[in-house]
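Here is a guided walk through a structure. Keep the sequence and the 3D view open as you read.

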Protein chains: 2
Amino acid sequence: MNDIDIETLKGIANQLRIHSITSTTAAGSGHPTSCCSAADVVAALFFAHMRYNPKDPHFYNNDRFILSKGHAAPLLYAAWAEAGLFPTEELLKLRQLNSDLEGHPTPRLPFADVATGSLGQGLSVGVGMALCARLDNLDYRTYVLLGDGEIAEGSVWEAASLAGVNHLNNLVAIVDVNRLGQSQPTAFGHDLDVYKNRFESFGWRTEEIDGHDLDEIVEVLAAVGLGDQPLVILAKTLKGAGISFIQDKEGWHGKPLSKDEAARAIAELQPTAKSGAGLAIPTPNHLPAPNNQSPGAYPPTNYNLGDMVATREAFGAALLRIGEVDPRVVALDGDTKNSTYSEKFFKKFPTRFCECFIAEQNMVGVATGYGARGKVPFASTFATFFTRAFDQLRVAGISMANLKLVGSHVGVSIGEDGPSQMGLEDIAMMRAVAGSTVLYPSDAVSTEKLMDQMAAQKGIFFLRTSRPKTPVIYGNEEAFPIGGAKVLRQADGDKVTVVAAGVTLNEALKAHDSLKAEGIGITVIDAYSIKPLARDVIKSAAQATNNIVLTVEDHYAQGGIGDTVAGELSAEGIKVHKLAVFELPHSGKPEELLARYGIDAAAIVRKVKSL
Amino acid sequence: MNDIDIETLKGIANQLRIHSITSTTAAGSGHPTSCCSAADVVAALFFAHMRYNPKDPHFYNNDRFILSKGHAAPLLYAAWAEAGLFPTEELLKLRQLNSDLEGHPTPRLPFADVATGSLGQGLSVGVGMALCARLDNLDYRTYVLLGDGEIAEGSVWEAASLAGVNHLNNLVAIVDVNRLGQSQPTAFGHDLDVYKNRFESFGWRTEEIDGHDLDEIVEVLAAVGLGDQPLVILAKTLKGAGISFIQDKEGWHGKPLSKDEAARAIAELQPTAKSGAGLAIPTPNHLPAPNNQSPGAYPPTNYNLGDMVATREAFGAALLRIGEVDPRVVALDGDTKNSTYSEKFFKKFPTRFCECFIAEQNMVGVATGYGARGKVPFASTFATFFTRAFDQLRVAGISMANLKLVGSHVGVSIGEDGPSQMGLEDIAMMRAVAGSTVLYPSDAVSTEKLMDQMAAQKGIFFLRTSRPKTPVIYGNEEAFPIGGAKVLRQADGDKVTVVAAGVTLNEALKAHDSLKAEGIGITVIDAYSIKPLARDVIKSAAQATNNIVLTVEDHYAQGGIGDTVAGELSAEGIKVHKLAVFELPHSGKPEELLARYGIDAAAIVRKVKSL
């Protein structure tokens, strides 16, 4: 701690309260009472404890602060303004279209590493950052401020468990126990011991404090980093603390004060309020910067045409090949690494691998945390189990995260395990993530080449891999630009353009040969890039086949390749017919299921003939 | 317990092991070792403890058994076969296309109330069933068998917390702690105390046992129901128990034994194996059956044209109106009930309402549990927070569940709270759930009429409601059949068919008037039923406007109304142009955002003119 006195901290806390009240009243919406409960803790963290450069929020050894209770955004904004990052006058632009001081924080602001606002996600990101600090030999700490209501989210306990297992003593959670949720009191009110027992059973050190007693807050913060466990500070607080006529009252969640109420509140707070402007903030240590440099290019692949290699195996090979030359690459899995083939990387680089166990929400959050610290995280599991983390993925979109997801075991082609293990909705899900890229290779070479680009480019990428072995159909020199597609078969007089990817591409090629023997020509396109789609390639091919397209996919009919192509090209007069999984599938052999659900070569032949 | 002796139970356990081995070896895939670890517990539950009618798995007062570790399906199937429900010879059809003994259990089987196989979901369903037993004054108990690996899923702790808060002493969890996950040992191995401390901190009574000691198992089961807490039995087991050359070894997850290995294993087990056939199973008490009768019809609505009512408010009114005459209706919310308006129902029927706090995965699981016991559960939260439960929703599809979801606060029209609170992907998600129905009303009357059908019909329904108030545009006598659409404006010479729903329908009507003043006619359709879509209505209208359709939606461009219409109708030669949210939105005022993202009346006018 620096030599700031407690009275000054109390004054800053009240100044932060005033900013939170004035900005939400000006906006006409927001959560001032959720700011007030946490104001003392935030004042202590930002002005007496955390080591950071307030003019350079991205400095690599700054302590990190994640506002998991994102609805207290005005408090966060006020803290950074008082710390000197931007003028406090800006705070009055809260929630306006022309200001990035949005209703909940996003990385449009330089001090928000990730978006928050969907509750229960911040601790996972914090775990990723704490693991990253350890990997990079940096001594920054990660602080996560949570609300007591969000502790009900299971993702918090997934994160807590992994933090405990990894003995992350560079991670500090603070729970603002103000006892009031949105619509009623929380289940446990001010009974801090409930939370204490839970966190302790998950491997954490715990401290209980009065969250409005700055002496206590400062004292407990001084003991951060002791021992080999993560620390949670359970702060008993009052919602709306400092506003005598509102504090600890129900019915004040998410409501700004009227102008009159705001004036009364400010009259109570103003006499002791102090600006934090110009105060010295503890500075981070200058340690060697982490090596987060891209190698520029990756080693070539070495497959032979006709080799039988599942795309999931090619992913595993690519991860290792890329990881050997790119120090930024880290990998995560949810206890499926022997099925997804991320195990290869794990065996070679155990310290760059995070086994997340069966907890996909946390896995995505941890990966987002790594990405926010300059790493290139590849998280893998069965494609369908990423549905577990859709909210985290959605928020990663808002975070403009650098996140690489690889989902294996897609579609009915997995066979006997049955529908609970089949990825049949992952394309629909991943396309709907803001800024995402969705890739679906059909052979080993294209898988590896797409992996190169996933590692090299920033953003959220999803690679869909398959369980069955499929033949290598491309040479090692072939390029697979994102947004492209391959026209594999095309001849004058073709009747239909068949668009496929993954296992159905091989079915389409078989159908091509079968139809050709009967004198019927079809164009076959490998749509390995679903988002962005190679609309011009498909459009040109379709125009040569009387505008008729047939999509074939091992995915539900809703939101998959067919809907994508139709949604992009129907306005151009292209007629899109779909073969897809139209009903809840059953267990069975892969080839039986491809036939039963009408996405095999025979089904393509039948459909082409009917067109 | 009945008077069965321990030696017989041991024999049955080994018989269940033999069935698990032979069926998976015959199938060539499956998880025999995960069956063997739980065989003793299952033998005791099914043949010495649970009260149920093995010939009538649906009897309303049978004890319920949920195999949360669904990959041990062969063990479950063997238990029901040995109990006499079907011939044991059927077990050899495991995982075949022509048998419903699938890789993981689904309700295609009469004894599987819900599908399992995506781990960590069974306990939530169990909580719903235990709450339902209490509501119905029945004394059946709910038993949930979990693996230790799946305890890492946060959803388990969401369920555990709610069970503790509600003192569900009619709920029993058994954790099969066999210490080995799929790809490596679990984080805690055989350290049962870790699990004990966690469950106790979540409000549970705990018992630690040797899961292969039937004396201990039977003894601890005899104490089920004591006290006012849920009970968890932590069973220390060996994966592959009973097979000397496999048990407790890594590398045996999800692998069938070869024929030779199976023969060796059976040779070890056979000498002590006993069939359960003909043994008396404890019978359930005959208590009055619950009243799960539909009232047949619901009271009428009473709105005036032009009233300004948000569809979320109409949902709240409908829930109360329906709930007053339909005893099957229960409601759940995730601490948003004052925003979704489910609060009205809560205030009137507190015992039929389950506050799930901020834990949406569990909320969906609990609702699925209620539905599996004959109730009509309505679960509500912000639409975008249902993404948290996509895996549960996906599995509810496999469960063919009776589940009603109502998501409020959709799209950029929520305004200042920003993208983390905006439902912009919920249509894409919900369409991709097997067997789902997706509804998106634009006014209060249509909302209420759709709610009537949601309550009356079995299946998974999603109702998308909006935050802003919108005018009542339909009379109280109007019908809104699912799969229908309303042609609201249509005239000879119309140039474009505009398809909209929710807030954009009002924008389309404004655009109609504005364009009409300029002499340009457009057809306007209210597509209140997104899945199933009124394809014929839209097609006919489009054919009268030169096959040109313009969709307008407050949802991301991917997987929403535009893709739906294009996916259904592009093959018919309909050209679908889309107005939707094409980029990550920002905070701002609702009307500003509708304009910024190009889905307001002015944007429609511009687009129509450009066509």
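Start with Asp554(B), which is buried, with a relative accessible area of 0%. The cut-off for buried is under 20% relative accessible area, so Asp554(B), at 0%, meets it. Bear in mind that this is a predicted model. Asp554(B) sits in strand 18 of chain B. What does its side chain reach? A polar atom of the side chain of Asp554(B) lies 2.7 Å from the backbone nitrogen of Val412(B). Now look further away. Pro110(B) is 444 residues from Asp554(B) along the chain. The C-alpha atoms of these two residues are separated by 41 Å.

Stay in chain B and find strand 18 again, which spans residues 548–556. The loop between helix 18 and this strand holds Asn547(B). Phi of Asn547(B) is positive, near 65°, and the residue is not glycine. Is Asn547(B) buried or partly exposed? It is partly exposed, at 25% relative accessibility.

Next comes a cis peptide bond. In chain B it joins Lys531(B) and Pro532(B), with omega about 0°. Pro532(B) lies in the loop that runs between strand 17 (529–531) and helix 18 (535–543) of chain B. Turn to chain A. The bond from Lys531(A) to Pro532(A) is cis too, with omega near 0°. Pro532(A) is in the loop between strand 17 (529–531) and helix 18 (535–543) of chain A.

How are the two chains related? A rotation of 180°, with 0.0 Å of shift along its axis, superposes chain A on chain B. The RMSD is 0.0 Å. That relation is the one of a two-fold axis. Which C-alpha of chain A is nearest the axis? It is that of Gly154(A), at 1.8 Å. Both copies use the same surface: 100% of the contact residues of chain A recur in chain B.

Now look at the contact itself. Chain A gives 99 residues to it, and chain B gives 99 residues. The area buried between the chains is about 8100 Å². Carbon and sulfur atoms give 52% of that area. How many salt bridges are there between chain A and chain B? The count is eight. One salt bridge brings together the side chains of Asp563(A) and Arg431(B), at 3.1 Å from N to O. Across the interface, 63 residue pairs are in polar contact, with both residues at pLDDT 80 or more. The side of chain A that touches chain B has 32 nonpolar, 41 polar and 26 charged residues.

Leave the interface and follow chain A to helix 14, residues 390–398. Nine of the nine residues of this helix are buried, so the helix is largely enclosed by the rest of the structure. Among the buried residues are Phe390(A), Asp391(A), Arg394(A) and Ile398(A). After helix 14 comes Met400(A). Met400(A) lies in the loop between helix 14 and strand 10 (403–408) of chain A. Its phi is near 50°, a positive value in a residue other than glycine. What is the relative accessible area of Met400(A)? The value is 40%, so Met400(A) is partly exposed.

Go back along chain A to helix 1, residues 6–27. Ser20(A) is found there. Ser20(A) is buried, at 0% relative accessibility. Its side chain reaches the backbone oxygen of Leu16(A) at 2.8 Å. Which residues does Ser20(A) touch, not counting those up to four places away in sequence? They are Pro32(A), Cys35(A), Pro74(A) and Leu75(A).

The last stop is Pro256(A). This residue sits in the loop between strand 5 (231–236) and helix 9 (259–269) of chain A. Pro256(A) counts as partly exposed, at 23% relative accessibility. Leaving aside its neighbours within four places in sequence, Pro256(A) is in contact with Thr24(A), Thr25(A), Gly28(A), Ser29(A), Gly30(A) and Pro32(A). Pro32(A) is also touched by Ser20(A). Val325(A) is 69 residues from Pro256(A) in sequence. In space the two are 53 Å apart, C-alpha to C-alpha.

How values were computed:
Residues numbered from 1 in each chain as written. Chains lettered and ligands numbered in written order. Predicted model: local features only at pLDDT ≥ 70, side-chain atom pairs only at ≥ 80, totals over all residues. Heavy atoms only, no water. Least-squares fit on C-alpha atoms with pLDDT ≥ 70 in both. Contact = heavy atoms within 4.5 Å. Buried area = accessible area lost by both parts, 1.4 Å probe. Salt bridge = Lys/Arg side-chain N within 4 Å of Asp/Glu carboxyl O. Polar contact = N/O pair within 3.5 Å; in protein donor to acceptor, adjacent residues only side chain to side chain. Nonpolar A, V, L, I, M, F, W, Y, C, P; charged D, E, K, R; others polar. Buried < 20%, exposed > 50% of the residue type's maximum accessible area, 1.4 Å probe, protein only. Helix = DSSP H or I, 4+ residues; strand = E, 2+ residues; numbered from the N terminus.
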